[in-house]
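The two exercises below are meant to be worked with the structure in view. Try each task before reading its solution.

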Amino acid sequence: MAKNKVTKAFFCQNCGAQHSQWMGQCKSCGQWNTIVEEVVDRGDVPKAWESSSTRSETTNHARTLSEVEFKLEDRSPTHDGELDRVLGGGIVPGSLILLGGEPGIGKSTLMLQLALRIQRKVLYISGEESERQIKMRAERIGIDNQETYILNETQTQKIFREIKEVDPDLVIVDSVQTLTTQHIDSLAGSVSQIRESTAEFIQFAKKTHTPVILIGHINKDGQLAGPKILEHMVDVVLQFEGDQNHVYRLLRAHKNRFGSTAEIGIYEMAGSGLREVPNPSDILISRKDGNLSGIAIASMMEGLRPLLIEIQALVSTAVYGTPQRASTGFDTRRLNMLLAVLEKRCGFRLGAKDVFLNVTGGIRVDDPAIDLAVVAAILSSNEDIPVPDRNCFAAEVGLAGEVRPVTRVEQRIMEAEKLGFDTIHISRYNKVKPGDYGIKVKMIGKVEELFGELFG
Ligand code: TYD
Ligand code: MG
């Protein structure tokens, strides 16, 4: 190694690829303006292993785990049941939480609501809305809190000065894309600005044990806008999602250093802010007056939570030459596959029919366990006979028309029982004892059998 020679290289801040020279677009990931020159060897610092002969007093020393004092992390409850559930029981001191979501989904509302509800001193920093706009929103939410401070600022040095003044217990920043730090000479929202400003907030959080929540925009692929490395830097990544035209919103953790990522929170956007939905199955099933055909209830899982949702199908004779197949909330290719299975295995002439499918509540479902409910809804609409009352379904349907077992079937059965259903149809290949439950558990092996069970 040549001594005192500084070695530099160019790295993409998005994917980490190394390049021999600066260029506008990274050849490896295709991102623009992400290549930055970095010093990889300062030359004057000896290699780590060359300098390790003496142990200095100031560095951290290796310890056995048993020497480490364990303190139950005192999380602050947020007084929002859904948020607490997703965070794993509250906000951990010194943690950095990133909340992402599409514009207009309700990120600012959720955070302002948290600031007003949590019984701590909160500094809500907004670079997106004026103080008056925030005040208007707070009035809509209808909570008054003397401990909620508002700051309209985007420059991090000025923000930290105010933070010293106010000394809050929680800092919320709306949004990370508006922040600028003096150390970097580029526009707000650029990769290097986002990375540097976030790094400053991380240092602040770790040093002062004050938790920080950063709101982040997402780009058109649904990824958090900014450097990918952001998600590695922070402790928790939350995603707020939902269909803007519907009132329900889902909060998920994509990453959580202090809890499970399988939990979800469900909210309803109301006139006065976001309302928690502790018992989602109740509202996702419409209370039908009289029995209608084409409706079936599926017992699905959303993360670790069982949910009962309503599937609606409409089968009618195609008016035009080519029959239409459309679905909302369910994969259209999967719908076509299920229709082909019904045609081939059960001999239903659905080829000349229009088929429309709808998952109520504006929820998108990927759980394959709703297949059997989809099939039941289609058959019911085709025959114009309602599915028997208080029946629900939880099984996948395979290409051979076989009814396949699904995961966590016990939880699905229990949820259906809890909500007052009296029969659940599952796969014969799920290893459960039907006698163990208060609800009737019907085991099915093939889709053909379903027809006989329901309408025979
Ligand atoms: P907002 O929190 O501004 O979204 P984001 O910060 O993610 O961009 O919320 C936007 C929508 O929420 C807006 O279109 C209006 C609606 N809304 C309500 O329906 N009720 C309310 O009480 C509030 C505050 C907002
Ligand atoms: Mg906003």
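**Exercise 1.** In what order do the 7 strands of the open sheet stand, and is the pairing parallel, antiparallel or mixed?

*Solution.* The model is a predicted one, and the sheet is read strand by strand.

Step 1. The order is β15-β16-β14-β13-β17-β20-β21, and the pairing is mixed.

Step 2. β15 (325–328) and β21 (440–444) are the edge strands, and since each has a single partner strand, one side of each is left without a neighbour in the sheet. On average, neighbouring strands are turned by 25° against each other, with direction ignored.

Step 3. Within the sheet, β13 (residues 295–302) pairs with β14 (residues 305–317) in the antiparallel sense over 8 bridges, and Ala-298 has Ile-309 in β14 as its bridge partner.

Step 4. Helix α9 (residues 371–383) packs on the sheet, where the strands it touches include β16 (353–359), and its direction makes about 30° with that of β14. Helix α10 (residues 409–418) also packs on the sheet, with a direction that makes about 165° with that of β20.

**Exercise 2.** Describe the surroundings of ligand 1, beginning with the residues that come nearest.

*Solution.* Step 1. Of the 15 residues around ligand 1, those that come nearest are Gly-104, Ser-108, Thr-109, Ala-270 and Gly-273.

Step 2. By class, this shell holds 4 nonpolar, 7 polar and 4 charged residues, and its largest share, 3 residues, comes from α2.

Step 3. A polar backbone atom of Gly-273 is 2.5 Å from an oxygen atom of ligand 1, while for a polar backbone atom of Lys-107 the distance to a ligand oxygen atom is 2.8 Å. The protein covers 74% of the 560 Å² of accessible area that ligand 1 has on its own.

Conventions
Residues numbered from 1 in each chain as written. Chains lettered and ligands numbered in written order. Predicted model: local features only at pLDDT ≥ 70, side-chain atom pairs only at ≥ 80, totals over all residues. Heavy atoms only, no water. Near = heavy atom within 4 Å. Polar contact = N/O pair within 3.5 Å; in protein donor to acceptor, adjacent residues only side chain to side chain. Areas by Shrake-Rupley, 256 points an atom, 1.4 Å probe, with all protein chains shown as cover. Helix = DSSP H or I, 4+ residues; strand = E, 2+ residues; numbered from the N terminus. Nonpolar A, V, L, I, M, F, W, Y, C, P; charged D, E, K, R; others polar. Pairing = 2+ DSSP bridges. Axes fitted to C-alpha atoms, helices over the stretch in contact; angles between N-to-C directions. Contact = heavy atoms within 4.5 Å.
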